[in-house]
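Trainee: Could you take one part of this model and go through it closely? After that, please add the charged contacts elsewhere.

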Amino acid sequence: MRNSKKNASLLVTMILAISLLVTACGGNNNPAPSNTPANNTDPTAAPTEDTPKEPELKAVKLTVVYPGGPQKDEKLVEEELNKLLTEKINATIDLTPVDWGAWDDTINLMIASREEVDVLFTAQWNGHASNVGKGAFLELNDLIAEYGKGITDSQDPAFLEGAKINGKNYGVPTTKELAGAGGIVYNKEVADELGIDMTKVTTIQDLDAVYAVVKEKRPDLIPLYISSTDNTFNAHFFGNYDFLGDATIPGAIFKDGTDTKVAPIEETARFLDTVKTTRDFFNKGYINADSATSKVASADAWKAGLVFSSIESLKPGKDEEVASAAGLSGKLGQIQLTNKTIATSETAGSMLGIPTASKNPERAMMFINLLHTDKDINNLINFGIKDIHYTLNGEIMTKTDRTGDYSPGHAWMFGNQFLNYLWDSEDPDKWAKFQEFNEGAVKSPALGFVFDSEPVKSEVGALANVIKQYQVAIDRGAVDVDSVLPEYIAALKAAGLDAVIAEKQKQFDEFLASK
């Protein structure tokens with residue numbers, strides 16, 4: 001009996017040995033049966049020699065270009081970002097800020113020369129639609145669907161929907177306030193010192209009496225600082241002009257009205273009243289004499305201690321955002337002077353696009369997605385390094401003696417602002433007030449419409465040259481309105497203004513009819 005069992009065991013052993021030999025010699029030429037472990041691995045199990053591994057991402061370096069001044073500790077922050085980004089998406093980053101004064105010319109050159117940039121700031125008010133027409137930006141719908149789930153999960157759909165051009169997204173909007181309003185940020189310490197009651201200011205004209213006191217009693221300060229790149233009283237958010245998708249192309253309706261007739265704003269009473277008031281302020285010395293030529297942005301002028309007030313697109317806590325960047329925490333206030341409105345200019349007012357010259361669009365979208373989902377990365381790029389540039393108690397930041405070494409003031413450009421920490425000088429209810437701010441805003445009749453300039457691209461190009469020649473000086477009060485404005489309008493018409501207005505009206509009417 002023992003011998004029978006022994007022989008049977010020997011036979012089984014020999015069969016197994018032969019089976020293994022056959023498998024070793026020829027098994028790799030045949031697919032494994034569907035019930036083998038190779039095709040039924042637990043996706044949560046650690047990889048083994050027999051478990052297929054996910055393909056590793058090749059290391060890449062992303063160049064990110066945006067407007068703003070260089071920061072002393074920029075490279076230090078880059079190093080910390082690179083540690084996180086290498087771990088999460090195997091990428092490193094090259095932060096490339098461009099001074100506001102040089103922004104337009106620099107970006108136009110980058111686009112024309114096809115410079116390899118991976119992430120580029122873009123906005124409706126900064127020629128986004130025109131640059132899309134030039135083929136500068138990739139269409140992002142598929143990239144967002146594949147690599148931007150954190151964006152679509154966390155962001156109000158109105159942002160991406162409102163930023164579309166012909167049904168496609170060419171930039172990922174920052175998650176921030178949806179409404180927009182115009183007003184000023186001012187030095188409340190100085191106002192208190194001079195006995196100025198800022199609660200009486202409800203219109204632009206009311207500022208006259210305020211600036212007269214500042215000019216007389218604080219001659220060391222510029223009552224209203226405006227540079228050639230700064231906001232003016234005729235900015236789209238202040239005049240409530242809806243330029244139908246691109247503020248660099250003439251022809252608009254009023255966001256706070258119901259009229260759908262497209263017209264040149266230069267021929268409206270609102271524009272004329274505003275530029276005449278601005279000219280009056282300039283002549284009285286309330287505005288800096290170099291407003292039409294200065295490349296020093298208001299953010300830098302605040303830092304230098306030169307300013308009493310600046311014109312801003314307002315939202316809850318805008319005053320403290322300006323103050324924090326300038327080292328003036330708790331010293332500034334804000335006054336809203338226009339209606340709250342929602343238009344494409346707000347949904348597409350701050351975006352990150354991926355240029356067609358990028359060699360790493362997938363990784364660029366992964367990076368943008370992290371800005372919308374990863375609290376550490378979001379706050380690192382916006383505020384610097386914890387315990388160096390700020391200390392943190394819960395989610396409240398306190399300044400250090402190194403805060404000024406990395407204080408770019410660009411949180412409104414990057415990702416999801418609701419991930420931002422708050423400074424101890426800010427309202428702890430800031431984000432709840434952001435939500436409230438969006439309520440009750442007037443919606444533009446053109447919300448969601450973006451003009452396609454392709455049919456009149458030659459006229460748009462000619463108009464851009466005329467605008468560059470005249471607009472900056474007129475909007476900043478640096479030239480006589482009565483003599484120069486008619487000359488400006490005539491030059492616009494000679495460059496094809498009427499054809500552009502007609503094409504805008506045609507497309508807008510089609511949009512309205514389709515709703």
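Mentor: What follows is a strand-by-strand look at one sheet, then the salt bridges.

This is a predicted model: local features need pLDDT of at least 70, side-chain atom pairs count only at pLDDT 80 or more, and totals for chains, interfaces and linings use all residues. Residues are numbered from 1 along each chain as its sequence is written, and side-chain values use heavy atoms, with hydrogens and water left out.

Start with the layout. Three strands form an open sheet in the order 8-5-9, with antiparallel pairing. Strands (E, at least two residues) and helices (H or I, at least four) are DSSP runs, numbered from the N terminus. Two strands pair if DSSP finds at least two bridges between them. Strand 8 (309–314) and strand 9 (332–336) are the edge strands, and each pairs on one side only. On average, neighbouring strands of this sheet are turned by 30° against each other, direction ignored. The axes behind that angle are lines fitted to C-alpha atoms, for helices over the stretch in contact, and angles run from 0 to 180 degrees between N-to-C directions.

Now strand 5, residues 181–187. Six bridges join it to strand 8, and the two run antiparallel. Here Gly183 stands opposite Glu312 of strand 8. Five bridges link strand 5 to strand 9, again in the antiparallel sense. Tyr186 faces Gly333 of strand 9 in this pairing.

Is strand 5 buried or exposed? Seven of its seven residues are buried, so strand 5 is largely enclosed by the rest of the structure. Buried means under 20% relative accessible area, exposed over 50%, and partly exposed in between (1.4 Å probe, protein chains only). In a regular strand, side chains alternate between the two faces of the sheet. Both faces of strand 5 are covered. Ala181, Gly183, Val185 and Asn187 are buried on one side. Gly182, Ile184 and Tyr186 are buried on the other.

Now the charged contacts. Side chains of opposite charge can pair when their charged atoms come close. The whole structure holds 28 salt bridges, each a side-chain nitrogen of Lys or Arg within 4 Å of a carboxyl oxygen of Asp or Glu.

Take Lys164 and Glu161: their closest N and O atoms are 3.1 Å apart. Lys164 is partly exposed at 22% relative accessible area. Glu161 is also partly exposed, at 47%.

A second salt bridge joins Glu267 and Lys493 (3.5 Å, N to O). Glu267 lies in the loop between strand 7 (253–254) and helix 11 (269–283), and Lys493 in helix 19 (residues 481–494), so the pair ties together parts that are 226 residues apart in sequence. Glu267 is partly exposed at 45%. Lys493 is partly exposed at 36%.

Lys506 and Glu510 form another, with the closest N and O atoms 3.4 Å apart. Both sit in helix 20 (residues 497–514), four residues apart, so about one helical turn separates them. Lys506 is partly exposed at 45%, and Glu510 at 46%. Elsewhere, salt bridges that share partners join Lys176, Glu177, Lys315, Glu321, Glu426 and Lys430 into one network.
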